[in-house]
Structures are given as C-alpha cells and as structure tokens.
Amino acid sequence: MAEKEKLEMFCYQCSQTAHGTGCTVRGVCGKVPTVARLIDNLIFAAKGMCAYLYHLRELGYKDDEIDRYVERALYATFTNVNFDSDSLFELALEAGRMNLKTMQLLKKAHIERYGEPQPTKVNAGTVKGRGILVTGHSLKCLEELLKQTEREGINVYTHSEMLPAHGYPNLKKYKHLVGNLGKAWFDQKQLFSQYPVAILATSNCALLPKDDYRDRMFTTGPVRLPGVQHIEGYDYSAVIKRAKSLPELPDAPSETVLTTGFSKSAVLSLADKIKDLVKAGKIKKFLVVGGCDSPHKNAPYYREFVEKLPKDTVVLTLACGKYRFNDLNLGDIDGIPRLIDLGQCNDTIVAVEIAQALADAFGVSVNELPLSIVLSWMEQKAVAIFWTLLSLGLKNMYVGPILPAFFNDEIKNRIVETYDLHLITTADEDLKRILGK
C-alpha cells in the first residue's frame, strides 16, 4: 500500500469548506496551511492553559488578564478573522506568557492551601486494608476525599500526576494517604485491573475503562466515561461505599521508594552549596528531563538518557515523564540529590524559578547556565508549557518523542532558527552534543 499522502492542512469550520468535507491544500477563504496550523496550535495552547485555570478556579482564584487573553486568542481562530502568520505566532508566545502567569498563580494557590512541598519518600506498594486510588491532577478532589475517609478505615493511594500530593504538608498529614501505585497515565488499564480498589478520576488522562473495573470507577470534575458513575461536586460517599465492599489489599511494600516534594525553597536552600560544587567541578551539568509521558515507541529514550548521564550531573524532573526513570537510584553529589522531583506538569514554574535563581547566583542568563532541557510531550498542556519556555527566550532545548504533527516545515524552521530547538535522536548522540564529548 502506498504511503498515505500528508495533508497540508485540514479545516472544516465553515460552510464553504472544500467539497463539503474539508480544506486540505488551501482554505476556500484564502487561508494558507501555515496559518491554519498556527490556528490549531493556538487552540491547543489555550486548551492546555484552561486545564490549569480550571484547577485554579477550583481553589477560588481567577485572573482577569488571563481570561481576557483566552477570549482574544480563541476569537483569533474564528473564520475570516486572522490570516497573519506573524500575528498568530506572537499570540502563541503570548499564550506562553499567560500560561506562565497561570502556573505561578496555581503554585501560589497550592502553597497557600496545602503548604510548601517538602522532600518526601513515598511507598510504591500496598498497605493492608481497603483502598481508593486517585488519578488525575486535582489536589482539591484529593483533599476532600482525604477528609471524608479519615475515620473510615480506608487507605488512599495516588496514581501518576497525583504523586506530588505526598509532599504537601496539609495533605501528607492524613496518615491514610499511604502510597502511590503505578506509573504514568497509560498504565491504568493494567493497573486498575490489578488492584481491587475504588478508583476516582479527577481530571484529564483518564482512559476508557475495561469492563472488569468499570463498576468500581468514578469520575468527578470535567471527566466523563461511558458506564462510569459521575460525581458532581465533592461528596464522595459513593466512592467510599464501593471501596468498603471490595476485598482488602495485602501488606506488600515495594522495593521501590519514590521521592517527591522538592519545592523552590527546598532546592534554593542548597543554593550556596550547589554554587560551591559547580565551582569545584563536582557538578558539571544540570538537566531538566520530564514532561508529559506517552506510550510512543521513542519514549524509552528518556530512561536510557538518564541512565547514561555521568555522575557529575543533576536531573530536575516533573510531570508524568518522570516515571520513565524516577525509580532509579542516582545517588547524590556531596549531599545534593542527583534526581530532584519538582512535582506536576504545572510545576514547570518551579523549574523556571529555580533556573532563574541559579542564573542570578552565578551572574549569568539562564541560557548561559550549565543547563539543558530535554522535554517529552503528549497533549495540549505540554503545548502551553512549550510556548511558555519559548516566551522566556530559552534556547537549545530538546523535545520528543516526536515533533507535533501540527508543525509544518515553515513553523518548525522558524522555531529552530530562533530558538535552536532540537528533536531528540538517540541518547548517545544527544548526550554527546549536550555534554560536549
């Protein structure tokens, strides 16, 4: 079979779309492929930012400037509004700046409500008793569940992006928050079948369920799954009742112990020591390795990359991309951990602020630090974060497992020429370039 022809664009948002099915070469309106793709990109970036805005509003926060931007950005994607690629590129960079502000506010909201995260070791096995497993991203949902289960004799476990909850003082104070099961979002069909617990999905990264656990799974917030009971608001009595009807889990601790909860303050409290170790040549390189994980065939690259790093490097990680390697024991450099988990995907803001603080300490720009960024991306939130990093002027980043399909050569070349962006190749080749060896 001949290779499927790649579409230059695809747009069917108005009645004059070609053949009544879609414009694939050039819009009937005159829209060229690069404009169509930049419009798609802007929609994806706005969607990603809106996920964080949702969680921000859950905690009682909002921001008029960000809301006004979202209105302008989405209006620019209407039919016969914006045909200018430069304007759409600038709107994408503005999306990055607004997403930066959104992440700053969400971090502020999390800290004000739950305290500043503290480095915390997390059990990756089970504790004897009945359980509820919480997946997604909503700390608010987890908090309400922990309150309601405090005297019910039920253990609560986190999954995937909920792992960083264990680092927040006002969440980890609940003794029945006992551990984290599984890894990134795409292991859930196997994981949820393996453990006979009630399951609560709080946000994106929920997969269509298998029949064997559908009747013990619940959704809340924005999530809806066919045949799964949805809970409006934060009354989780139905989840608790179902958990009590299920068998107990065994006491089966894991040999793997995960560490999370490295806040900006926790890392910067070590700034003077880090500076001395850099000057002494004991720390040669910092690497931010993380982002949204995916089951893509190229994704094992990230574990191999981290495994092959020399012992004079420090890895900062975040989001579910960390699960590719967060079970590794990388040790430390004179007491500085070589693997530092900063939190959820929205905690990219923590990595940005740490990088800026280190740059200030060394009297250089962030681009002049001995720092490399190696990103993985999956969906719209990662698109928003990508444009945040570009809006900050960060250069020489590596991204994978593939480039976004909505980037054509014109968009890709503009980003590469302006920001020196690289697509990942092999761990060995990229390490050679990054480390200069």
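**Figure 1. Charges and surface of the protein chain.** In this predicted model, the protein chain carries 54 positive and 52 negative charges, and the mean positions of these two groups are 3 Å apart. The accessible surface of the chain amounts to about 19,100 Å². Carbon and sulfur atoms contribute 52% of that surface.

**Figure 2. Overall fold of the protein chain.** The chain contains 15 helices and 16 strands. Its C-alpha trace spans about 65 × 60 × 50 Å along the principal axes. The radius of gyration is 22 Å, which agrees with the value near 22 Å that a compact globule of 437 residues would have. Of the 437 residues, 55% count as buried. Among contacts with a separation of 6 or more, 71% are formed by residues 24 or more positions apart.

**Figure 3. The largest nonpolar core.** This core comprises 99 residues, and those touching the most other members are Y69, I132, L342, W387 and I415. Helix α3 (residues 85–114) supplies the largest share of this core, with 13 residues. Apart from the largest core lies another one of 18 residues, including L287, Y301, L339 and Y398. In soluble globular proteins, nonpolar side chains tend to be buried together.

**Figure 4. The surroundings of L342.** L342 is one of the residues that touch the most other members of the largest nonpolar core. When neighbours within four places in sequence are left aside, L342 is in contact with F262, V267, L316, T317 and L318 as well as with D347, V350, A351 and I354.

**Figure 5. R57 in helix α1.** R57 belongs to helix α1, which covers residues 33–58. Its relative accessibility is 47%, so R57 counts as partly exposed; the partly exposed class lies between the limits of 20% and 50%. Neighbours within four places in sequence aside, R57 is in contact with K62 and D67. V364 is 307 residues from R57 along the chain, and the C-alpha atoms of these two residues are separated by 36 Å.

**Figure 6. D63 in the loop between α1 and α2.** D63 lies in the loop that joins α1 to α2 (64–75). With a relative accessibility of 15%, D63 counts as buried, because buried means under 20%. Residues up to four places away in sequence not being counted, D63 touches K101 and L105. The C-alpha atoms of D63 and L142 are separated by 24 Å, and the two residues are 79 residues apart along the chain.

Note on methods
Residues numbered from 1 in each chain as written. Predicted model: local features only at pLDDT ≥ 70, side-chain atom pairs only at ≥ 80, totals over all residues. Heavy atoms only, no water. Helix = DSSP H or I, 4+ residues; strand = E, 2+ residues; numbered from the N terminus. Rg over C-alpha atoms; globule rule 2.2 N^0.38 Å. Buried < 20%, exposed > 50% of the residue type's maximum accessible area, 1.4 Å probe, protein only. Contact = heavy atoms within 4.5 Å. Areas by Shrake-Rupley, 256 points an atom, 1.4 Å probe, with all protein chains shown as cover. Lys, Arg positive; Asp, Glu negative; His and termini not counted. Charge placed at Lys NZ, Arg CZ, Asp CG, Glu CD. Core = buried A, V, L, I, M, F, W, Y, C linked by side-chain atoms within 4.5 Å.
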